Amino acid sequence: MANGWNGIGNLDLSQVQEMGNRRLGKGKYTVTCTNAEVVAIDGQKTRRLVCDFADENGEGDIRHSFLLVHDSDKAVEIGMRQLKSFLIAAKHPNPDKPGDVASLKNLVCGIVVGEGKPWRDKDGNERSSTEVKTFFAADGAASKTAATHNDAIPF
């Protein structure tokens, strides 16, 4: 506030737009990958590729993690299948060997968002949120490898 602080009673937000960052609800969306990074969890033992996807119509965004390294071979297999589905749906130039994580930024694809499995927060309360279920080509024609991923990750 360039004019200084005159108390909250004098605050006028009539010319201010709300921030986006609303999590996408259930439905089909065309999204752009706005950020991608590999994150180490549990020290160096587990690695995830974390991608942020923003809806092209400004409806909101959603984050999806692709499990790349984990003790469970099945969990890694699911993560790799999801990643390849994303890369093919988004027409990545080399979906078999994507190379630099930066090559994922600005890729466009379609997604189906559905209800995720319930989980417990740090206070023990059961919660649920939406998650990416499927990747498909943004032109509406589903990719041959874009399948629904309702597989439970076994960890």
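In the predicted model, K91 is situated in the loop that connects α1 with β4. The phi angle of K91 is near 60 degrees, a positive value in a residue other than glycine. In general, most residues other than glycine have a negative phi. K91 counts as exposed because its relative accessible area of 56% lies over the 50% that sets the limit for this class. N106 also has its place in the loop between α1 and β4, and its phi, near 80 degrees, is likewise positive although the residue is not glycine. With a relative accessible area of 56%, N106 is exposed. K97 belongs to the loop as well, which is bounded by α1 (73–89) and β4 (108–115), and is exposed with a relative accessible area of 65%. Between the C-alpha atoms of K97 and L87, residues that are ten positions apart along the chain, the separation is 9.9 Å.

The protein chain as a whole contains one helix and seven strands, and from the N terminus on these elements follow the order β-β-β-α-β-β-β-β. Of the 155 residues in the protein chain, 34% count as buried. The area exposed by the protein chain is about 9900 Å², and 49% of this area is supplied by carbon and sulfur atoms. When contacts in the protein chain between residues at least 6 apart in sequence are considered, 47% of them join residues at least 24 apart.

The pairing of strands was examined for β1, β2 and β3. β1 and β2 run antiparallel and are joined by ten bridges, and T32 stands opposite A54 in β2. The hairpin of β1 and β2 has four residues between the strands, and in this hairpin D42 adopts a positive phi near 60 degrees. β2 also pairs with β3, again in the antiparallel sense, over eight bridges, and in this pairing A54 stands opposite D61 in β3. A54 is thus placed opposite T32 and opposite D61. The hairpin formed by β2 and β3 has five residues between the strands, and G58 in its turn has a positive phi of about 75 degrees. β2, which pairs with β1 and with β3, is mostly covered, with eight of its ten residues buried.

The largest nonpolar core comprises 23 residues, and those with the most contacts inside it are F86, L104, I111 and F135. Two or more residues are given to this core by each of β1 (27–41), β2 (46–55), β3 (61–69), α1, β4 and β7 (130–136). For F86, when residues up to four places away in sequence are left aside, the contacts are with C33, F53, F66, L104, L107, C109 and F135. Two of these partners, L104 and F135, are themselves listed with F86 among the residues that have the most contacts inside the core.

Key. Residues are numbered from 1 along each chain as its sequence is written. This is a predicted model: local features need pLDDT of at least 70, side-chain atom pairs count only at pLDDT 80 or more; totals for chains, interfaces and linings use all residues. Side-chain values use heavy atoms; hydrogens and water are left out. Buried means under 20% relative accessible area, exposed over 50%, partly exposed in between (1.4 Å probe, protein chains only). A nonpolar core is a set of buried Ala, Val, Leu, Ile, Met, Phe, Trp, Tyr and Cys residues joined through side-chain atoms within 4.5 Å. Contact means heavy atoms within 4.5 Å. Accessible areas come from the Shrake-Rupley method with a 1.4 Å probe; for residues, only the protein chains shown count as cover. Two strands pair if DSSP finds at least two bridges between them.
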